[in-house]
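Subject: Structure handover

Hi,

Here is the structure for you to work with. My notes follow below it.

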Amino acid sequence: MLNAASGRARMPPDTAHTLVLDANTLIRAVLGSTVRNLLLNYRDRVGFFSPASAFAEAREHLPHIVARRGGDASLVRGALELLEEIVFPIQGDSYADYEATASARIERRDPDDWPVLAAALALDCPIWTEDNDFFGAGVATWTTDRIELFLSGSPPA
């Protein structure tokens, strides 16, 4: 992967499998080791994506979470920049055609989560989440305790 400071465009790996991560999963990747290790172990075999809005949500909440835990909130920005080397942020125009469908499917649960669902619909792939709001929304969902079943089905690098 290219260094974020290089300024060169990054492209996801050519993979057979793709996943969209929600903000909660991004936050878990920064705070804990399980999600981060899974991302690192499978980054060459799985295309990991997340709406830019999910990264924005993580940027909003992480400093408060880290500060409550007694950590250094100033490190959050750097951690998210490193995460963007593995999980590719996608802009709204990439999934805008799916906004109405996604909104209709998730509006009664959490209407703010439509970009994650729309991205999964656009990429025709599952969502990695711990959020029950996505369950039954018309796309496969994987939780962290089961995601390796999906990831390990990926072709070897």
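Is Asp124 buried or exposed? Asp124 counts as exposed, because its relative accessibility is 71% and the cut-off for exposed is over 50%. Please keep in mind that this is a predicted model.

Asp124 has a second feature to check. Its phi is near 55°. That is a positive value, and the residue is not a glycine. Asp124 sits in the loop that runs between helix H6 (114-123) and strand E4.

Now the overall fold. The chain has seven helices and five strands. Starting at the N terminus, the order is β-α-α-β-α-α-β-α-α-β-β-α. The chain counts 157 residues, and 40% of them are buried. The exposed area of the chain is about 8400 Å². Carbon and sulfur atoms account for 47% of that area.

Contacts next. Take those between residues at least 6 apart in sequence. Of these, 69% join residues at least 24 apart.

Then the aromatics. How many aromatic pairs does the structure hold? There are four. Two of them are described here.

One is Phe48 with Trp128. The centre-to-centre distance is 6.2 Å, and the planes are 50° apart. That makes a tilted pair. Phe48 belongs to strand E2 (residues 46-51) and Trp128 to strand E4 (residues 127-128), so the pair ties together parts 80 residues apart in sequence. Both Phe48 and Trp128 are buried.

The other is Phe49 with Phe88. Why is this pair tilted? The ring planes of Phe49 and Phe88 are at 45°, and tilted covers what is neither under 30 degrees nor over 60. The ring centres are 6.0 Å apart. This pair also links distant parts of the chain, with Phe49 in strand E2 and Phe88 in strand E3 (residues 87-90), 39 residues apart.

Both of these rings belong to buried residues as well. Phe49 has a relative accessible area of 13%. Phe88 has a relative accessibility of 5%. Each counts as buried because the cut-off is under 20%.

To recap the strand links: E2 carries Phe48, which pairs with Trp128 of E4. E2 also carries Phe49, whose partner Phe88 is in E3. The loop before E4, coming from H6, holds Asp124.

Best regards

Conventions:
Residues are numbered from 1 along each chain as its sequence is written. This is a predicted model: local features need pLDDT of at least 70, side-chain atom pairs count only at pLDDT 80 or more; totals for chains, interfaces and linings use all residues. Side-chain values use heavy atoms; hydrogens and water are left out. Helices (H or I, at least four residues) and strands (E, at least two) are DSSP runs, numbered from the N terminus. Buried means under 20% relative accessible area, exposed over 50%, partly exposed in between (1.4 Å probe, protein chains only). Contact means heavy atoms within 4.5 Å. Accessible areas come from the Shrake-Rupley method with a 1.4 Å probe; for residues, only the protein chains shown count as cover. Rings of Phe, Tyr and Trp (its six-membered ring) pair if their centres lie within 6.5 Å; planes under 30 degrees apart count as stacked, over 60 as edge-to-face and the rest as tilted.
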